[in-house]
Amino acid sequence: MGNSMAWNPPTGLVSEGYLKDMTTRESYPLVERREILSSDDFFSDYVAKSRPVVVSGALKHCAALSRWSFNHLHSVSGQRVVKLKQGLIDEGVAGLKTVDSRLGDYLEQLESHESLASGSSRKRPPYLHDVPLLGILPDAEADLEGFPVDYFPLWYRATWLRFAQFFLGPRHSLTPLHFDCLLTHNLFFQVTGRKRFILLQHDQLPYCYRYRWRWCAVDAEKPDFASHPLYREAQIQECIVEPGDMLYMPPGMLHHVRGLDTAISFNVDWHTRDSAIRGVLALGRGMPLKNVYYNLVLAIGLWGGISTERILPWYRSYLNYVS
Ligand SMILES: O=C(O)CCC(=O)C(=O)O
Ligand SMILES: [Fe+2]
């Protein structure tokens, strides 16, 4: 195996290849980017105000940035069978299929895709999308030492990694426009490769042609204004996350996510006491009952002072839940 996933220092530049590859050249106002952000400022300036922010190099002290290569994944979990998502992109969410593969075989598939010219029409490999991080990298805790855990509410700090979800996908992977189904806050971490996020606040939903609770029919990269004329009114932002960056998205933020390179990322969906209550009350706005159940479990933990250890058994199935 080559070491094609090794961390390269962020360049801050958008490569020419990327510009050529982009489905659209449309660009939007950039999400605010901070080099340094204390936990207090994070909660008062962004969480309390429902504003997204990118923190550059939030993972810069973590061994994961250099360690999480294809070789490493191969040696730790190459034999493990993982569920891959196929069809998220081309047929819309309704066409989503999952396929089982050995992680080692999938890594080989990604490598051979990566070696193709970027304009190749060969079918894009599936996406290892939103699976428990510790299931793939059981020793991740040591690799993530140095990350400032005080970006999480106190309730999560000792066990946050058990809430972390892993993503490994090819160049041009796509997660179409949606919001996270429990209306949680989201901290998204980029480890290798880059991704472009197109973002809209939750109140822009009326312009986005929602279906099935959390998905949107409009193509955020190439909107078809004949079928989706209201999208012309939408207020849109974007950012590109690079290795080491962290993106914060407030509850309900709409996001359309395009991999610009072969990429490894992970995220943590989390609630504050307030967002957990809003998550339960979203029953009245059509949130599926199963999601309301998960929000109730977290609300009981956060308000009742019950430890995450005791709550996790009731919540764990959410982490393998495809919605
Ligand atoms: O990285 C992706 O493709 C999707 C990320 C996402 O939807 C999330 O973090 O909630
Ligand atoms: Fe999401």
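A residue counts as buried if 20 or more other C-beta atoms lie within 10 Å of its own, as exposed if 12 or fewer do, and as partly exposed in between. Keep that in mind for serine 50: this residue has 16 C-beta neighbours inside 10 Å, so it counts as partly exposed. Serine 50 sits in the loop that runs between helix 2 (39–47) and strand 2 (53–55). Its backbone is worth a look too, since phi of serine 50 is near 55°, a positive value in a residue other than glycine.

Now step back to the whole chain. What you have on screen is a predicted model. The mean pLDDT of the protein chain is 90, with 88% of its residues at 70 or more. Residues 1–21 are a stretch to treat separately: here the pLDDT is below 50, and the model gives this stretch 32 contacts beyond near neighbours in sequence. Going through the secondary structure, you'll count 10 helices and 15 strands in the protein chain. Of its 323 residues, 39% are buried. Take the contacts with a separation of 6 or more, and 79% of them join residues 24 or more positions apart.

Next, find ligand 1. Around it you'll see Phe167, Ser173, Thr175, Asp180, Asn186, Phe188, Lys195, His255, Val257, Ser265 and Asn267. Three elements each give two or more residues to this shell: strand 8 (185–192), strand 14 (254–259) and strand 15 (263–270). Sorted by character, the shell residues come out as 3 nonpolar, 6 polar and 2 charged.

Let's zoom in on one member of that shell, serine 265. It belongs to strand 15. Is serine 265 buried or exposed? With 25 other C-beta atoms within 10 Å, serine 265 is buried. Leaving aside residues up to four places away in sequence, serine 265 touches Phe167, Phe188, Phe189, Gln190, Val191 and Lys195. Threonine 192 is 73 residues away from serine 265 along the chain, yet their C-alpha atoms are separated by 7.0 Å.

Moving on to the helices, how do helix 9 and helix 10 lie relative to each other? The axes of helix 9 (residues 289–304) and helix 10 (residues 308–315) come within 10 Å and cross at roughly 175°. Angles over 145 degrees count as roughly antiparallel, so that is the label for helix 9 and helix 10. On the helix 9 side, Tyr294, Val297, Leu298 and Gly301 meet Thr308, Ile311, Trp314 and Tyr315 in helix 10. The residues of this contact divide into 6 nonpolar, 2 polar and no charged.

Thr308 leads us to arginine 157: the C-alpha atoms of arginine 157 and threonine 308 are separated by 9.6 Å, with their positions 151 residues apart along the chain. Arginine 157 is in the loop between helix 7 (140–143) and strand 6 (164–169). It has 12 other C-beta atoms within 10 Å, so arginine 157 is exposed. Not counting residues up to four places away in sequence, arginine 157 touches Val149 and Phe152.

One more loop to visit is the one between strand 10 (210–211) and strand 11 (215–216), where you'll find arginine 212. Arginine 212 has a positive phi of about 45° although it is not a glycine. With 13 C-beta neighbours inside 10 Å, arginine 212 counts as partly exposed.

Terms used: Residues numbered from 1 in each chain as written. Chains lettered and ligands numbered in written order. Predicted model: local features only at pLDDT ≥ 70, side-chain atom pairs only at ≥ 80, totals over all residues. Helix = DSSP H or I, 4+ residues; strand = E, 2+ residues; numbered from the N terminus. Contact = placed C-beta atoms within 7 Å. Near = placed C-beta within 6 Å. Nonpolar A, V, L, I, M, F, W, Y, C, P; charged D, E, K, R; others polar. Axes fitted to C-alpha atoms, helices over the stretch in contact; angles between N-to-C directions. Parallel < 35°, antiparallel > 145°, perpendicular 65-115°, else oblique. pLDDT = per-residue confidence, 0-100.
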